[in-house]
Amino acid sequence: MAASLTIARAYQHFFNTHPNRTLAVTGGTLNAFGDIVAQFSQNALAEDHERRPGWDASRTLRFFCFGCGISPLLGKWNLLLERRFPLRRRRTHRVSLKALSKRLAADQFVMAPLGLAIFVGSIGVMEGRSTNQIREKYADMYATALLTNWKVWPIAQLINFRYMPLPYRIPFQSACGVFWTLYLSILNAK
């Protein structure tokens, strides 16, 4: 208990003093962890002829870099949603379901498609793919991943927007994102 309280205090301090760096390191680390879980899960579930030897550190590094790059952007996005759609009214202090719904809709119809496009493009570039290969990757996985996103993320983001304080939204999202990264990593590897 004391250790987790110390970690939370340290995180809060770093978030207050260096929010973008804190979000980048947190998001990158959790994204890398998601890829490691994905790689070991893929090997555990694969047939003998499909197994890959060992761990692909360069693949994990790509996921770390993506997480480092996208997390500060997501932090700005959350700040924009916080300002544009405040959840609590000053007089009543009750949560506005209308504002919560607007946040969720904006997140799912603006940031989800954009974030997924950034993911496919940036991972493709980091893998050294050509423009045509990246286009093929978009054609192969974008629609499938976006539809899956709309099945999975609304409930996670509803909890996130409703219950998480602003500094902890990206870590919460990144922690949930470990499983999303697992999915994207497996989809990207196919």
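So, α3: with 5 residues, α3 gives the most to the lining of the second largest pocket. Keep in mind, everyone, that what we have on screen is a predicted model.

Let's stay with that pocket for a moment. Its space comes to about 190 Å³. Which elements supply at least two residues each to the lining? Those are α2, residues 19-45, α3, residues 57-84, and α6, residues 166-189. If you want to click along, the lining residues are F15, P19, N20, L23, P72, G75, K76, N78, L79, L166 and I170. By character, that lining splits into 7 nonpolar, 3 polar and 1 charged residue.

Now for the enclosed space. How many cavities of 30 Å³ or more are there? The count comes to 1. The volume of this largest cavity is about 480 Å³. There are 25 residues in its lining, and F66, L74, W153, Q173 and W180 are the ones closest to the centre. Two or more lining residues come from each of α2, α3, α4, α5 and α6, where α5 covers 131-163. And what is the lining made of? Here we get 12 nonpolar, 12 polar and 1 charged. For the pocket, remember, the lining had 7 nonpolar and 3 polar residues, with 1 charged.

Okay, on to how the helices pack. Take α3 against α4, which is residues 97-126: the axes are 11 Å apart and the angle is about 160 degrees. Because of that angle, α3 counts as roughly antiparallel to α4. The crossing of α3 past α4 is right-handed. On the α3 side, the contact is made by R62, F63, C65, F66, I70, L73, L74, W77, L81 and E82. On the α4 side, you'll find R103, A106, D107, V110, M111, G115, I118, F119, S122, I123 and M126. Those contact residues divide into 15 nonpolar, 2 polar and 4 charged. You may recognise two names there: F66 and L74 of α3 are in this contact, and F66 and L74 are also among the residues closest to the centre of the largest cavity.

One last pair, α4 with α5. Their axes come within 8 Å of each other and cross at roughly 145 degrees. Is the crossing left-handed or right-handed? α4 passes α5 in a right-handed crossing. In this contact, the residues divide into 21 nonpolar, 5 polar and 4 charged.

That's my tour, folks. Happy to rotate the view for anyone who'd like another look.

Definitions and conventions
Residues are numbered from 1 along each chain as its sequence is written. This is a predicted model: local features need pLDDT of at least 70, side-chain atom pairs count only at pLDDT 80 or more; totals for chains, interfaces and linings use all residues. Side-chain values use heavy atoms; hydrogens and water are left out. On a 1 Å grid over the protein atoms alone, a cavity is a set of points where a 1.4 Å probe fits but cannot get out, and a pocket is an open set with protein on both sides within 12 Å along at least five of seven lines; lining residues have an atom within 4 Å of a point. Grid points are joined across faces, edges and corners, and a volume is the space filled by probe spheres set on the points. Helices (H or I, at least four residues) and strands (E, at least two) are DSSP runs, numbered from the N terminus. Ala, Val, Leu, Ile, Met, Phe, Trp, Tyr, Cys and Pro count as nonpolar, Asp, Glu, Lys and Arg as charged, and the others, Gly among them, as polar. Axes are lines fitted to C-alpha atoms, for helices over the stretch in contact, and angles run from 0 to 180 degrees between N-to-C directions. Angles under 35 degrees count as roughly parallel, over 145 as roughly antiparallel, 65 to 115 as roughly perpendicular and the rest as oblique. A crossing is left-handed if the near helix is turned anticlockwise from the far one by less than a right angle, and right-handed if clockwise. Contact means heavy atoms within 4.5 Å.
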